[in-house]
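This report is meant for someone meeting the structure for the first time. Please look over the sequence and the model below before reading on.

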Amino acid sequence: MHFSTRILLLASAFAFTVPALADNATPVKIGVILPMTGPSASTGREIDAAIKLYMAQKGDKAGGRKIEIVLKDDTGVADITKRLAQELVVNDKVSVIAGFGLTPLALAAAPIATQAKVPEVVMAAGTATITEASPYIVRTSFTLPQNTVPIADWALKNGVKKVVTLVSDYGPGIDAEKAFSERIKAGGGQVLDNLRAPLRNPEFAPFLQKAKDLKPDALFLFVPSGFGAQLMKQVAERDFAKEGVKVIGTGDVTDDEQLQGMGDAVLGMVTSMDYSVAHKSPENKAFVEAFMKANPAMRPNFMAVGGYDGMALIYGALEKTKGDTDGAKLVDAMKGMSWVSPRGPISIDPETRDIVQNVYIRKVEKVDGQLYNVEFETMPNVKDPVKAAKKAK
Ligand code: DHB
């Protein structure tokens, strides 16, 4: 072979192998945006702790690439989420954005995910339509209709006919209100009123008084994670049980992170949710023990599990693409993924990119002197009912 041809061949071999080697040697950056301060700081703390736990357990490599987390605090303000998402994509060159503690925050980042073709893994927010805001959004938390329909069915089965709803006045609250009210009406029940309290600095007293005056069989509640203690304190002051009113809700209200501090007034409250720290499975036992060993002052809640599974999703996708961080390939790899989470078996619906999971009916009980949401019924493999209904049309 002529010497110059050999040089040329060597050079072209390098042209193919060198960038690939360099690429595998560069870490994959994941931009995590969470409310680490402000009224939803508990969501940020829980998810951050779960991400750290996942990496401590599984290592900092996936698909042959080193994984690096870049954590940013959006304080729960959507304009800040959007700016941080932009900076993470443009300056830090992250391959995935993840976190998103509230619906408006998840929605604020969606146009950036679409433009930059970067997967957005929603680990917390729960408004049903979020996954429709970008084809790059994949969710590991829950949707409010998914978690709400089962408690409406439970209420109907338990003799509830007349209901009042009280929710936080924004996306997930309105989703919960609609899902609950429509299901009750379809089951022959009656909705006496739909009450909405502001998300920020809510004053629940006038709404609770109104609900009591209407004398329903049940009062349905939704507030986001971190707001339940404040609501339940005011509920306790009004002794609904004495009037024969069942107080029910989604498990966001009896959040494991705050439940212990709510006191005996919440004993017996029935809710539905995708996760309880008291879920009985070997996977959850191992998760809770490891989480509490690493964070002795904290109990993992549904937010922590959303974060832990979000990491499992990202690691799993990178394994499938063998470290290729192309956004469309990662999202494709995420579609249809299934695994056993601390909450039970879960999968990503390939059509909607939403999570399919069991929803549990639970009752607040005291176990070994501590308050827990004890599961007593399981609705298996629940899809988001809003998107399922749209598809059926
Ligand atoms: C949302 C936030 C929460 O903390 C929660 O428990 C449910 C929904 C949200 O903003 O989507």
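How many residues surround the ligand, and which are the closest? The sections below begin with that site and then move outward through the sheets and helices, and throughout it should be kept in mind that this is a predicted model.

## The ligand and its surroundings

The ligand is surrounded by 16 residues, and the closest of these are Thr103, Gly126, Tyr170, Ser225 and Asp252. For three of these residues an individual distance can be given. In the case of glycine 126 the backbone supplies the N or O atom, which lies 2.7 Å from an oxygen atom of the ligand. Tyrosine 170 offers an N or O atom of its side chain, at 2.7 Å from an oxygen atom of the ligand, and an N or O atom in the side chain of aspartate 252 is found 2.5 Å from a ligand oxygen atom. The ligand, taken alone, exposes 290 Å², and 100% of that is buried by the protein.

## An open sheet of six strands

Six strands make up an open sheet with mixed pairing, and their order across the sheet is β2-β3-β1-β4-β5-β6. The edges are taken by β2 (61-62) and β6 (137-139), and because each of these has a single partner strand, one side of each is left without a neighbour in the sheet.

Within this sheet, β1 (residues 28-34) and β4 (residues 96-99) run parallel and are joined by four bridges. One pair of bridge partners can be named here: isoleucine 30 is matched with valine 96 in β4.

## Helix α12 and what lies against it

Which residues of helix α12 (residues 327-334) are buried? They are Gly327, Leu330, Val331, Ala333 and Met334, and because they fall within an arc of 160° when seen down the axis of α12, they line one face of the helix. As a general matter, an α-helix has 3.6 residues a turn, so residues three or four places apart point the same way. The buried residues of α12 pack against β4, β5 (120-122) and β6, and also against α11 (302-320) and β13 (344-348).

Both ends of this helix have a local feature that can be described. At the start of α12, the backbone nitrogen of alanine 328 has a side-chain oxygen of aspartate 326 within 3.3 Å, while glycine 336, just after the helix, takes a positive phi of about 85°.

## Antiparallel strands from β11 to β15

A further set of strands is linked by antiparallel pairing. Strand β12 (residues 338-341) is joined to β13 by four bridges, with valine 340 opposite proline 345 in β13, and the two strands form a hairpin that has two residues between them. β13 is in turn antiparallel to β14, to which three bridges join it, and serine 347 has valine 356 in β14 as its bridge partner. The hairpin of β13 and β14 has six residues between the strands, and in this hairpin arginine 353 takes a positive phi near 60°.

Strand β14 (residues 355-367) also runs antiparallel to β11 (residues 270-273), with four bridges between them, and serine 272 stands opposite isoleucine 361 in β14. Between β14 and β15 (residues 370-382), which run antiparallel, there are 10 bridges, and lysine 363 stands opposite valine 374 in β15. In the hairpin of these two strands, β14 and β15, two residues lie between the strands, and aspartate 368 takes a positive phi near 50°.

## Two residues in their settings

Is glutamine 234 buried or exposed? Glutamine 234, which is found in helix α8 (residues 228-236), has a relative accessible area of 14%, and because this is under the 20% limit, glutamine 234 is buried. Leaving aside its neighbours within four places in sequence, glutamine 234 is in contact with Glu203, Phe204, Ala205 and Leu208.

Glutamate 377, placed in strand β15, is partly exposed, with a relative accessible area of 25%. Apart from its neighbours within four places in sequence, glutamate 377 is in contact with Trp154, Lys157, Val359, Tyr360 and Ile361, and a polar contact of 3.2 Å joins the side chains of glutamate 377 and lysine 157. Tyrosine 308 is separated from glutamate 377 by 69 residues in sequence and by 24 Å in space, C-alpha to C-alpha.

Technical notes
Residues are numbered from 1 along each chain as its sequence is written. This is a predicted model: local features need pLDDT of at least 70, side-chain atom pairs count only at pLDDT 80 or more; totals for chains, interfaces and linings use all residues. Side-chain values use heavy atoms; hydrogens and water are left out. Two strands pair if DSSP finds at least two bridges between them. Buried means under 20% relative accessible area, exposed over 50%, partly exposed in between (1.4 Å probe, protein chains only). The arc is that of the directions from the helix axis to the C-beta atoms. Contact means heavy atoms within 4.5 Å. A polar contact is a pair of N or O atoms within 3.5 Å; within protein, one must be able to donate a hydrogen and the other to accept it, and residues adjacent in sequence count only if both atoms are side-chain atoms. A residue is near a molecule or strand if one of its heavy atoms lies within 4 Å of it. Accessible areas come from the Shrake-Rupley method with a 1.4 Å probe; for residues, only the protein chains shown count as cover.
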